[in-house]
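Please look at the model shown here and follow the description from the overall fold down to single residues.

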Amino acid sequence: MTQTIIAIAGASASGKSLFSQTIYNELVNELEPGAIAIIEEDAYYRDQSHLPMAHRVKTNYDHPDAFEHELMVEHLRKLRAGCAVDVPIYDYNEHTRATETRRVLPAKILIVEGILLLSDPALRDEFDIKVFIDTPLDICLMRRMQRDIEERGRTIQSIVEQYKRTVRPMFYQFIEPSKHNADLVVTRGGKNRVAIDIIKSKIKHLLQE
Ligand SMILES: Nc1ncnc2c1ncn2[C@@H]1O[C@H](COP(=O)(O)OP(=O)(O)O)[C@@H](O)[C@H]1O
Ligand SMILES: O=c1ccn([C@@H]2O[C@H](COP(=O)(O)O)[C@@H](O)[C@H]2O)c(=O)[nH]1
């Protein structure tokens with residue numbers, strides 16, 4: 001059953017995925033099979049298959065209401081109780097969930113990453129270790145532009161329009177204030193070697209207890 005849930009939060013393109021994935025990749029072959037798993041908050045964006053694309057592109061994806069956090073809490077509790085869960089798969093190009101899901105087994109250490117993990121009190125209560133990736137917003141914007149054009153089928157115009165309309169204001173309303181709920185604040189993003197090594201050591205220590 002899952003014993004420790006580590007939340008990695010921070011702005012969009014702050015380096016949450018890179019940070020989490022680096023820890024996972026560097027540990028997965030060293031630990032016993034199935035000891036560590038990752039779940040993304042983005043997987044819990046609400047299904048919008050009933051809405052036309054013209055509506056989906058207008059959704060505020062940076063507001064807590066865009067996520068089905070209730071389902072995420074339910075899944076985290078099931079994993080703690082030792083049950084497998086079927087996590088949705090989100091399609092950023094279609095702005096809705098794919099029809100397939102991903103089965104996640106109850107690993108002892110679970111890393112979860114996402115923009116609004118620390119802003120929702122119900123979700124926050126589920127985490128044992130809370131980390132906030134604190135990357136300057138202008139750097140995040142540059143990284144987001146590059147990533148969203150290369151990987152999420154976006155144009156510069158759509159990125160700039162969305163950034164002004166929702167990404168930046170929601171960051172100041174919800175994400176930045178949630179930093180104060182973190183146990184650890186990591187500067188510079190996904191390549192902070194010292195921070196990655198500290199979390200890795202903590203995970204190894206927890207697994208030896
Ligand atoms: N410290 C860093 N230096 C350079 N590039 C980085 C760094 N951290 C993240 N990136 C890159 O920036 C982009 C966004 O990072 P990602 O981890 O996907 O952010 P998030 O999960 O917070 O949205 C990715 O292309 C990633 O490889
Ligand atoms: O359909 C969608 C869903 C989400 N987004 C944007 O994604 C980021 C969160 O993901 P990160 O991996 O943390 O960047 C959020 O800022 C949303 O604006 C989207 O554009 N379209």
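The paragraphs below go from the chain as a whole to its core, its helix pairs and some individual residues.

This is a predicted model. The secondary structure consists of seven helices and seven strands. Read from the N terminus, the order of elements is β-α-β-α-α-β-β-β-α-β-α-α-β-α. The chain is as compact as a globular protein of its length, because its radius of gyration of 17 Å is close to the 17 Å that the globule rule gives for 209 residues. The C-alpha trace spans about 50 × 35 × 30 Å along its principal axes. Of the 209 residues, 32% count as buried. Among contacts with a separation of 6 or more, 77% are between residues 24 or more positions apart.

Next comes the interior. In soluble globular proteins, nonpolar side chains tend to be buried together. Here the largest nonpolar core has 42 residues, and those that touch the most other members are Ala7, Ile8, Ala9, Ile111 and Val131. Two or more residues of this core come from each of the strands β1 (4-10), β2 (36-40), β5 (109-114) and β6 (129-134), and likewise from each of the helices α1 (16-28), α3 (69-80), α6 (156-178) and α7 (193-208). The element that gives the most is α6, with five residues. Ala7 can serve as an example from this core. Leaving aside neighbours within four places in sequence, Ala7 is in contact with Val112, Leu117, Leu118, Phe127, Lys130 and Val131.

Two helix pairs can be followed in the model. Two packed helices are described by the angle between their axes and the distance between the axes. In one pair, α1 and α7 pack at an angle of about 50°, with their axes 10 Å apart. Angles of 35 to 65 degrees fall outside the roughly parallel and roughly perpendicular ranges, and α1 and α7 are therefore oblique to each other. The crossing of α1 and α7 is right-handed. On the α1 side the contact is made by Phe19, Thr22, Ile23, Glu26 and Leu27, and on the α7 side by Ile196, Ile199, Lys200 and Ile203.

In another pair, the axes of helix α5 (residues 137-151) and α6 come within 11 Å and cross at roughly 140°. An angle has to be over 145 degrees to count as roughly antiparallel, and α5 and α6 are therefore oblique to each other. This crossing of α5 and α6 is right-handed. Leu137, Leu141, Arg144, Met145 and Asp148 of α5 meet Ile156, Ile159, Tyr163 and Phe171 of α6.

The backbone offers two residues to inspect. Most residues other than glycine have a negative phi, and most peptide bonds are trans. Where do the positive values of His95 and Arg188 occur? His95, with phi near 55°, is found in the loop between β3 (85-91) and β4 (96-104). Arg188, with phi near 75°, is found in the loop between β7 (184-187) and α7. Since a residue needs 20 or more other C-beta atoms within 10 Å to count as buried, His95 is partly exposed with 19. Arg188 is also partly exposed, with 17 other C-beta atoms within 10 Å.

Helix α3 holds two further residues to look at. His69 is placed in helix α3 and is partly exposed, with 19 other C-beta atoms within 10 Å. Not counting residues up to four places away in sequence, His69 touches Tyr44, Pro64, Asp120, Ala122 and Leu123. From His69 to Arg144, 75 residues apart along the chain, the C-alpha separation is 24 Å. Arg77 also has its place in helix α3, and with 13 C-beta neighbours inside 10 Å it counts as partly exposed. The C-alpha atoms of Arg77 and Glu126 are separated by 7.9 Å, though these residues are 49 residues apart along the chain.

One last residue is Pro136, in the loop between β6 and α5. Pro136 is partly exposed, with 13 other C-beta atoms within 10 Å. The C-alpha atoms of Pro136 and Leu76 are 30 Å from each other, with their positions 60 residues apart along the chain.

Terms used: Residues are numbered from 1 along each chain as its sequence is written. Chains are lettered from A and ligands numbered from 1 in the order in which they are written. This is a predicted model: local features need pLDDT of at least 70, side-chain atom pairs count only at pLDDT 80 or more; totals for chains, interfaces and linings use all residues. Helices (H or I, at least four residues) and strands (E, at least two) are DSSP runs, numbered from the N terminus. The radius of gyration is taken over C-alpha atoms; the globule rule is 2.2 Å times the number of residues to the power 0.38. A residue is buried if 20 or more other C-beta atoms lie within 10 Å of its own, exposed if 12 or fewer, and partly exposed in between; C-beta atoms are placed from the backbone. Two residues are in contact if their C-beta atoms, placed from the backbone, lie within 7 Å. A nonpolar core is a set of buried Ala, Val, Leu, Ile, Met, Phe, Trp, Tyr and Cys residues joined through C-beta atoms within 7 Å. Axes are lines fitted to C-alpha atoms, for helices over the stretch in contact, and angles run from 0 to 180 degrees between N-to-C directions. Angles under 35 degrees count as roughly parallel, over 145 as roughly antiparallel, 65 to 115 as roughly perpendicular and the rest as oblique. A crossing is left-handed if the near helix is turned anticlockwise from the far one by less than a right angle, and right-handed if clockwise.
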